[in-house]
Amino acid sequence: MSVTVEKRVDGPGTSDHADEAWKLKERIRREEGVLKQRKRFFMDAYRRATTHLLYLDDDLVGFATVRRDGYILFLAVSPERRGEGFGRRLVAEVAEDHRTVTCHARATNERALDFYEAIGFEIKRRIEHYYEDNGDAYYLRLGPDERLRDRLSELIRR
């Protein structure tokens with residue numbers, strides 16, 4: 001049986017896949033207690049940004065929503081598909097279009113922090129009470145330097 005990974009993109013002003021992305025995000029929120037954004041915030045941010053989505057045989061397995069400045073608003077990969085390179089591929093898609101890629105990660109989300117650090121992000125600072133529930137966050141950055149292009153190439157090859 002053949003497995004097909006398809007990349008789709010919703011550009012600014014487009015929300016063709018927003019409902020599917022919301023459902024995946026909410027499943028992760030319920031199961032893991034992260035990605036706690038409210039629906040209105042999520043949908044507004046989604047519509048203003050570019051979202052890269054990966055589908056495996058027509059099932060959404062992950063997405064990355066990114067602002068024009070390379071800031072990742074949302075990065076989600078279906079829990080049963082983690083470790084298969086989907087997150088790396090999504091970050092590589094973002095990095096292909098931006099000199100610098102940045103994001104925030106909840107300070108208690110060790111899985112996310114390990115992922116970001118493994119692909120080359122650096123923690124730049126800790127921000128106390130960043131989230132609506134007063135949770136702390138780390139601000140992370142990938143690039144800008146010559147290594148970003150090398151890391152991008154490496155991410156795509158994996």
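The exercises below, each with a worked solution, concern a predicted model.

**Exercise 1. The open sheet**

Determine the order in which the three strands of the open sheet are arranged, and work out which strands stand at the edges.

Solution. Begin with the strand order, which is β5-β7-β6 with antiparallel pairing. In this arrangement β5 (101-106) and β6 (122-127) each have a single partner strand and therefore stand at the edges, one side of each being left without a neighbour in the sheet. From one strand to the next, the twist averages 25 degrees. Next, consider the pairing of β5 with β7 (residues 137-142), which is antiparallel and runs over six bridges; within it, alanine 105 has tyrosine 138 of β7 as its bridge partner. Finally, add helix α4 (residues 110-118), which packs on the sheet and touches β5, β6 and β7, its direction making about 155 degrees with that of β5.

**Exercise 2. Histidine 104**

Decide whether histidine 104 is buried or exposed, and identify the side chains with which its own side chain makes polar contacts.

Solution. Locate the residue first: histidine 104 is found in strand β5. Its relative accessible area is 17%, and because buried means under 20%, histidine 104 counts as buried. Turning to the side chain, one polar contact, of 2.5 Å, joins histidine 104 to the side chain of tyrosine 71, and another, of 3.1 Å, joins histidine 104 to that of tyrosine 130. When residues up to four places away in sequence are not counted, the residues that histidine 104 touches include Ile127, Tyr131, Tyr138 and Leu140.

**Exercise 3. The nonpolar cores**

Establish which element gives the largest share of the largest nonpolar core, and describe the surroundings of valine 101.

Solution. The largest nonpolar core has 25 residues, and among those with the most contacts inside it are Ile72, Val101, Phe121 and Leu140. Two or more residues come from each of β2 (50-56), β3 (59-66), β4 (72-77), α3 (86-97), β5, α4 and β7, and the largest share, five residues, is that of α3. Valine 101 touches, among others beyond four places in sequence, Ile72, Val94, Phe121 and Leu140. Apart from this core lies another, of 17 residues, among them Ala21, Ile28, Leu53 and Phe63.

**Exercise 4. Aspartate 44**

Place aspartate 44 in its element and classify its exposure.

Solution. Aspartate 44 belongs to helix α2 (residues 39-48). With a relative accessibility of 31%, aspartate 44 counts as partly exposed. Its C-alpha atom is separated by 9.7 Å from that of serine 15, a residue 29 residues apart from it along the chain.

Key: Residues numbered from 1 in each chain as written. Predicted model: local features only at pLDDT ≥ 70, side-chain atom pairs only at ≥ 80, totals over all residues. Heavy atoms only, no water. Helix = DSSP H or I, 4+ residues; strand = E, 2+ residues; numbered from the N terminus. Buried < 20%, exposed > 50% of the residue type's maximum accessible area, 1.4 Å probe, protein only. Pairing = 2+ DSSP bridges. Axes fitted to C-alpha atoms, helices over the stretch in contact; angles between N-to-C directions. Contact = heavy atoms within 4.5 Å. Core = buried A, V, L, I, M, F, W, Y, C linked by side-chain atoms within 4.5 Å. Polar contact = N/O pair within 3.5 Å; in protein donor to acceptor, adjacent residues only side chain to side chain.
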